[in-house]
Amino acid sequence: MSEQTREKTKEKRVILVGNPNVGKSVIFKQLTGQYVTVSNYPGTTVEVAWGKSRFGGEKFQVIDTPGINSFSPLSEDEKVARDLLLKENHSVIIQVADAKNLRRTLWLTLQLAELGLPLILALNIMDEAQAQGIEIEVEKLSQLIGVEVIPTIATQKKGISTLTEKIPYSQKPSSHLKYDSRIESAIEQTVPFLPENHISPRGMALLWLVGDEKMGTFLEEQISPPELNKLEAIRSQLKEHYLEPISRVLSQERMAQIEKILSQVVSKKEKPESSNAARLGRMAMHPVWGVPILGLVLYIVYQVVGVFGAGTVVDLVENGLFGKILNPFFIKLFSYLPIPLVVDFLVGEYGLITMGVTYALAIVLPVVGFFFIVFGILEDTGYLPRLAIIVDKIFRLMGLNGKAVLPMVLGLGCDTMATLTTRILESKKDRIIVTLLLALAVPCSAQLGVTLGLLASLSAQATLIWLGAVLGILFLVGFLASRIIPGRKSDFILEIPPLRVPRLSNIIIKTAARIEWYLKEAAPIFIFGTVLLFILDKVGGLSLLEKIASPLVVGLLNLPQEATQAFLVGFLRRDYGAAGFFVLSQQGKLDPIGVVVSLVVITLFIPCIANLFVMIKERGVKTALAMVAVIVPLAFLVGVALNFVLRYWQVAL
Amino acid sequence: MTASLLNRIVKILVARKDKPLPEVLEYRESAGFNNSQTESFPEGLKLHQNGNKESAHKKEPVICSVLDMRAGEKGRVLFITPHQNGRLERLTALGIVPGNAIYLLQKQPSLVVRVDHTEIALDREIAGGIFIRNKGE
């Protein structure tokens, strides 16, 4: 009731909607100046982003949404976008569209127009459409659908100023599709019963007639039971006229209308469409060529992140900058402090600077930084969905399909984010399996980098054993989980975006945004973990824990006692744990088998506190805890078994 | 005639899939393939099911599913028999609709089709429910 809340409701809203991978987030950035992750694959945005801007002197809230294909949502990210459209009172809808795919665009436009809200169609990616010889008569299209149409090339900022000029003056669609007379009369009969809403009565009536669940529950709350009964009667009477569900009748009429529009506004100059990018894109998902290409991609990632980032750069920063310059400087500086406990706290064995900051900035940051760059490039080329095609068959063994590749590969960036991305999967079963596998066996960039750096210093054989153990567990658990967890698997329908040359500016912004995020999210946990270790050490808890864990860590895993500390901080973040092993190995306290065994255990561990919270948020407390109860014992069990095997046969590494 | 042919399709599908009667979405407006009861099926139009590859590739127009096409071939969607709720809507939204052209880009390791300017990877099961009129290369 305060001034502020009224202010809020007065503020006009612009909502960006559209098919997946059409550039909504790019336009969002240009309207608000606020960066949200932009990539070249469908499903980059799974959460709604809010921003602010001024158009024509008026304040607006701008909302970026996950992509939707139609108005009946199938996956959770689509649901988010649609519910937002129905629930919130929007002043303007901007439909962002891929100009190459006008048929799909209009399929959504016709449904959006029925809501009766001001609507603008931003026909984006015009450059690719023109390159393919597609010509669209924009003005005619605008007349036919009764909606303002603005051609844009968002990545080059073309058409954006026109778009911002039109936003304050946007109009409701001036015409709508007329359906079959029976349907039209049913709409007429329905309208008088409908309550006030920001959506037009016609839009509400149509949603009611096709049996939309959201509209059903909305009306149940808003109107009296006898009125609802009358609406039911109108609907069931209409149903009797058709052999097919009403939604399908509407679909067919919409499609017919779209065909009519397309024939009038689109002309194609058939061009030989085999550009180099298209050919390479085909090759990347080719049954034969796809495999060496995948191998090449993995090799480049390994070289850049594992060898260069985790090897060369970490060596320079950790041993050089921190080891020789910064840490000696701080140790000297703080040695003048009068209280020994404080000196110890800052620069001691578990010192805030000598351990916490050094781990976070000298070991993990260079690795993560290089990973973010390489990964950003991969994302923007559009390679990832092609990877999904290559490994689809293998994923089917785990009861999943290629679509699950996206969250799994994203997990290599960050398991926490990837757990959110499981929303693009349609069935609950798939979401549970992928969440479990992410937490269990997909190391995040930070950890992967530290791990690869450590393994690269041993031998290729060590790397292969680690990889084999982790992948083996991944498939075994996936295979079992798909048989134990009840439910239906999702359909595999995945759009393959065109292969594109990444834009340097986007790579830079994206990497910077991710590094900033890493520093904000992860660095405090490193500090917290260090403080925890410091306190435990001072009160004697550390040696007590080491003693308790000794039968397992020393007895069964053949690791030094200090390894317990690494596992302990591994509960906070796996990469912190891995960094602990990194240091132990540098100090010569781990033999090669010890390195491999400890890395396998820490890889299979719970990723980090943040990921655990997201697991609880997305899957519920019970499921999340059940996963933890499986993961932790399993991680150690595998480690013990591996240790036994490697030592029994005295595998040389 | 049309009705009896559709019945045959339905029967084959039911026998094969062991599922309830599928809902058939038909292509209504294209020339030469009209849904009205009075018109008969075009001469030479044959029905083929999976596995009958040889005959599916003869020059004459035939109906087959996307699964029966060879990589690189093009066809026009005639009708779709979705076995699950929501699937038809989904395909429609992606532009896989009766009347639209469909290209089969590859069958291995996953089946990928191109419709308009969208490339889409599909489950074999779903592809088997998309029936086309084969146009060859």
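Which residue of chain B meets the side chain of Glu426(A) in a salt bridge? The partner is Arg90(B), with N and O 2.9 Å apart; a salt bridge here puts a side-chain nitrogen of Lys or Arg within 4 Å of a carboxyl oxygen of Asp or Glu. The model is a predicted one, with local features needing pLDDT of at least 70 and side-chain atom pairs counting only at pLDDT 80 or more, while totals for chains, interfaces and linings use all residues. Residues are numbered from 1 along each chain as its sequence is written, chains are lettered from A in the order in which they are written, and side-chain values use heavy atoms, leaving out hydrogens and water.

Now to the interface as a whole. Chain A brings 42 residues to the contact and chain B brings 35, contact meaning heavy atoms within 4.5 Å. Together the two chains bury about 3400 Å², with 48% of that on carbon and sulfur atoms; buried area is the accessible area (1.4 Å probe) lost by two parts on being put together, summed over both. On the chain A side, Arg103(A), Arg248(A) and Ile493(A) account for 18% of the area buried against chain B, more than any other three residues.

Between chain A and chain B there are 4 salt bridges, out of 34 over all chains. One of them joins Arg103(A) to Asp116(B), the closest N and O atoms lying 2.6 Å apart. This pair runs from helix 4 of chain A to the loop between strand 6 (111–115) and strand 7 of chain B, helices (H or I, at least four residues) and strands (E, at least two) being DSSP runs numbered from the N terminus. Both Arg103(A) and Asp116(B) are buried, where buried means under 20% relative accessible area, exposed over 50%, and partly exposed in between (1.4 Å probe, protein chains only).

Arg396(A) and Asp123(B) make another salt bridge, again with 2.6 Å between the closest N and O atoms. Here Arg396(A) sits in helix 17 of chain A, and Asp123(B) in the loop between strand 7 and helix 4 (124–127) of chain B. Arg396(A) counts as partly exposed because its relative accessibility is 32%, whereas Asp123(B), at 4%, is buried.

Strands meet across the interface too. Strand 9 of chain A and strand 7 (residues 118–122) of chain B run antiparallel and are joined by 4 bridges; DSSP must find at least two bridges between strands for them to pair. Within this pairing, Leu494(A) has Ala121(B) as its bridge partner.
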